[in-house]
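Here is a short briefing on helix geometry and packing. Please look at the model first.

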Amino acid sequence: MPQKLTNAEVKRLAALEQRYRDSARAVLESRVAYFHQITGGAYTSVTVRDQKTRWGSCSSRGTLSFNYRLIFAPPGILDYVVVHELCHLTHMNHSKDFWDMVARVMPDYRIRKQWLRDHGQELTLENHLAQVGIPLTL
């Protein structure tokens with residue numbers, strides 16, 4: 001990102017980020033509803049944030065939280081994170097049973113998991129804007 005953005009540029013980026021957050025919420029809620037039919041379990045809510053170190057989480061109370069930056073990932077990667085968190089509703093750990101459940105829903109999950117490890121740091125608003133040809137500065 002450039003050293004110094006004008007106030008107008010900062011506001012513009014904040015507005016763009018909010019649009020992507022809103023879009024992420026709609027997509028994630030839709031994908032959770034779809035995969036929930038397959039995984040089962042009970043969740044209480046879906047939250048969307050800008051988590052710095054996680055792509056998703058599942059609380060013991062059934063709150064599913066997702067990083068809004070997943071909206072910049074290929075759809076299959078977003079789906080992997082959704083399935084991963086939904087499987088935590090049944091297995092609140094990363095045991096063999098947990099990974100077996102993930103594999104039943106998404107047999108190629110290892111490829112998707114590796115993609116996220118390899119490319120996750122690229123999933124930023126700034127990178128996305130550059131990829132679609134929208135300049136950061138006015």
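Helix α1 covers residues 7-39 and has 33 residues. At 1.5 Å a residue it should span 48 Å (1.5 Å times one less than the number of residues). Its end C-alpha atoms are 46 Å apart, which agrees. This is a predicted model: local features need pLDDT of at least 70, side-chain atom pairs count only at pLDDT 80 or more, and totals for chains, interfaces and linings use all residues. Residues are numbered from 1 along each chain, and side-chain values use heavy atoms, without hydrogens or water.

**Helix α1**
- Buried residues (under 20% relative accessible area, 1.4 Å probe, protein chains only) in α1 include Leu13, Tyr20, Leu28 and Phe35.
- The cover over the buried residues of α1 includes β1 (45-49), β3 (63-67), α2, α3 and α5 (125-131).
- Gly40 follows α1 and has a positive phi, near 75°.

**α2 against α3**
- Helix α2 (residues 75-87) packs on helix α3 (residues 96-105) at about 135°, with axes 9 Å apart.
- That makes the pair oblique (not under 35 degrees, over 145, or 65 to 115).
- The contact (heavy atoms within 4.5 Å) uses Tyr80, Val83, His84 and Cys87 of α2.
- From α3 come Phe98, Trp99, Met101, Val102 and Val105.
- Eight of these contact residues are nonpolar, one is polar and none is charged.

**Val105**
- Val105 lies in helix α3.
- Val105 counts as partly exposed (20% to 50%) because its relative accessibility is 21%.
- Val105 touches Phe35, Ile38, Thr39 and Val83, leaving out residues up to four places away in sequence.
- Val105 and Phe35 are 70 residues apart in sequence, yet 8.5 Å apart C-alpha to C-alpha.

How values were computed
Axes are lines fitted to C-alpha atoms, for helices over the stretch in contact, and angles run from 0 to 180 degrees between N-to-C directions. Helices (H or I, at least four residues) and strands (E, at least two) are DSSP runs, numbered from the N terminus. Ala, Val, Leu, Ile, Met, Phe, Trp, Tyr, Cys and Pro count as nonpolar, Asp, Glu, Lys and Arg as charged, and the others, Gly among them, as polar.
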